[in-house]
There are 2 protein chains.
Amino acid sequence: MQKGKSSIEFEAPPVISSSACVAGKKEGEGPLGPLIDVVEQDEMFGTETWEQAESAMQKQAADLALEKGDIRRQEIRYLFAGDLLGQLIATSFGTVDMEIPLFGLYGACSTIGEALTLSAMTVHGGYGDRVLAVSSSHFATAEKQFRFPLAYGNQRPFSSTWTVTGAGAFVVSDSRKDAGGGSAKITGVTPGKIVDFGSRDSMNMGAAMAPAAYGTIRQNFQDFGVDETHYDRIITGDLGEVGSKILLDMMRQSGSDLTGIHMDCGMEIFEKETQDTHAGGSGCGCAAVTLCAMVLPRIRSGEWKRVLFLPTGALLSTVSFNEGQSIPGICHGVVLEQI
Amino acid sequence: MQKGKSSIEFEAPPVISSSACVAGKKEGEGPLGPLIDVVEQDEMFGTETWEQAESAMQKQAADLALEKGDIRRQEIRYLFAGDLLGQLIATSFGTVDMEIPLFGLYGACSTIGEALTLSAMTVHGGYGDRVLAVSSSHFATAEKQFRFPLAYGNQRPFSSTWTVTGAGAFVVSDSRKDAGGGSAKITGVTPGKIVDFGSRDSMNMGAAMAPAAYGTIRQNFQDFGVDETHYDRIITGDLGEVGSKILLDMMRQSGSDLTGIHMDCGMEIFEKETQDTHAGGSGCGCAAVTLCAMVLPRIRSGEWKRVLFLPTGALLSTVSFNEGQSIPGICHGVVLEQI
């Protein structure tokens with residue numbers, strides 16, 4: 001069960017029995033658009049504030065995941081959820097109507113990795129037959145929280161990423177009790193520690209997160225006694241173009257060539273040339289939507305047999321940034337395999 | 001293992017094998033002062049910003065908990081930690097040096113309840129022999145985050161609470177593997193759901209949280225088939241005077257008289273008359289420090305055999321408040337028993 005220094009191997013792997021994703025107009029126009037369950041043209045999601053919009057999107061994704069799996073709310077024992085906003089207000093107001101005991105999580109853009117990890121630990125531990133992992137981000141709430149008022153129209157450097165307007169919800173079920181299909185099983189996890197290389201540029205979060213991704217991948221290899229050939233794909237969360245290059249360089253220097261194996265959700269969700277998103281997508285919704293729309297279907301179809309999924313987070317706030325603090329990163333690894 | 005609708009009963013209860021708390025000058029002058037491990041006279045904790053001070057305090061508490069238990073950092077498999085600040089920056093910078101895989105949590109002032117719950121689930125599930133649960137708050141970072149600049153010297157209504165400058169750290173160990181003493185065992189948990197009664201007054205968070213505490217207590221009674229006589233004490237986090245009165249009224253109306261059984265950490269940590277703290281203490285540090293300084297020693301001594309510990313959280317941010325949103329509450333229940 002405990003595997004190596006930091007990982008967990010599940011003898012009876014929990015399954016992702018149902019999932020759903022909801023995203024905004026821009027994401028709908030991207031490469032994954034046709035694969036996203038619901039593309040909402042109204043960035044306000046019919047509400048009055050950006051924050052309410054994000055809550056509505058999160059709720060919609062959660063409801064749809066249950067609907068697609070023909071699962072009633074009462075059958076979900078616990079909820080693991082989070083977002084990027086201070087005090088998780090998108091989650092608080094997005095999940096209140098579900099009336100399910102909530103574990104509020106903050107791991108920046110790595111949140112869906114943290115949520116899936118705790119979900120798998122919970123159902124495998126016998127604490128619940130079905131739990132729900134949810135995360136979301138919204139371009140407008142994130143810009144308001146971390147950067148400039150939208151109306152200011154600031155210029156963005158090429159190293160910056162574009163926060164995804166999107167939410168993903170995943171029902172994680174006990175395979176010993178739930179005979180239903182499902183898209184993938186979670187066979188192991190490698191929870192990550194905070195890594196601080198002293199990066200201070202909030203417009204280059206890929207560089208801040210790459211060392212954390214590197215650390216978690218190395219730990220995963222070591223704990224499970226494997227190397228990159230063990231996985232059909234190693235998929236990071238939202239390193240974007242700049243962070244991905246750093247990660248591949250770091251891996252190469254330590255003897256692993258990830259060419260043809262590595263993908264990054266931030267680079268998959270937008271079309272760089274035509275969508276003007278610079279280094280790629282980011283936000284808690286980026287990895288969650290990409291997992292639901294692209295990764296799980298390819299595992300289900302058998303195109304990929306085994307994937308190391310690695311949502312990454314940059315741990316900064318406007319307060320820490322303005323006080324001149326560095327931007328530490330974190331990355332949680334989840335091993336997904338064909339059922 | 002699963003108990004009733006929402007609770008968990010641990011067959012081999014994890015133990016709190018070591019704990020430590022660090023607090024500020026004002027807390028040191030309160031009723032619990034002599035029981036707090038470290039009372040720091042410098043509110044800046046030797047750092048340059050309030051946020052760094054909170055991080056330093058969190059780190060000090062964590063290091064001390066390990067030291068008191070004669071445990072090396074390398075023996076702690078996972079860290080469950082959180083604070084009140086946007087994007088958990090007190091935690092990010094407070095725990096980075098520990099180099100332990102981190103699950104970042106946000107449950108407002110209920111965070112130590114969430115952390116202890118997940119810690120117990122993790123060690124009981126066999127995922128780690130020892131994990132660490134940590135939470136903190138600092139009066140100055142919280143005022144800056146949620147209210148007014150300190151220099152503004154705003155007046156505070158009597159329903160308001162005073163954010164505790166304090167941090168608590170708790171090593172939770174697998175009793176099947178760790179033969180050491182410890183102060184209490186965690187025999188069950190009742191994770192709470194968000195409850196929103198429509199309260200909108202951020203200067204009266206007790207009223208916002210009382211319905212959540214009520215809900216979790218009722219759920220605990222129902223899931224375990226017990227009533228208030230089952231516990232020597234039922235100890236809420238930081239309802240304060242106003243919230244406690246509401247809770248007792250709600251309990252009475254549903255047939256339970258908690259007179260002589262209920263305590264509130266917020267009312268224990270400060271001396272109302274002489275310390276000018278109005279309704280009591282609050283913040284992630286309030287329940288954590290009170291647990292470490294007062295509750296655990298009394299369980300260890302046998303004065304209390306069984307305690308229902310219920311940290312409570314008010315889920316608001318300045319954004320949600322300024323946009324006119326309500327203040328939902330959450331409360332996580334942890335059953336602590338004499339070893």
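This report looks at how chain A and chain B meet in a predicted model.

## Ground rules

Local features need pLDDT of at least 70 and side-chain atom pairs count only at pLDDT 80 or more, while totals for chains, interfaces and linings use all residues. Residues are numbered from 1 along each chain as its sequence is written, chains are lettered from A in the order in which they are written, and side-chain values use heavy atoms, with hydrogens and water left out.

## Where the chains touch

Let's start with the contact (heavy atoms within 4.5 Å): 65 residues come from chain A and 65 residues from chain B. Together the two chains bury about 5,100 Å², with 60% of it on carbon and sulfur atoms. Buried area here is the accessible area (1.4 Å probe) that two parts lose on being put together, summed over both. Of the area that chain A buries against chain B, 16% is down to A:Gln87, A:Phe93 and A:Tyr127, more than any other three residues.

## Links across the interface

The rule finds two salt bridges between the chains (a side-chain nitrogen of Lys or Arg within 4 Å of a carboxyl oxygen of Asp or Glu). One of them pairs A:Lys144 with B:Glu323, whose closest N and O atoms are 2.8 Å apart.

## How the copies are related

Lay chain A on chain B and you get an RMSD of 0.0 Å, using a turn of 180° and a shift of 0.0 Å along the axis (least squares on the C-alpha atoms of residues with pLDDT of at least 70 in both). The two copies are thus related as by a two-fold rotation axis. And since 100% of the interface residues of chain A are also interface residues in chain B, the copies meet through the same surface.
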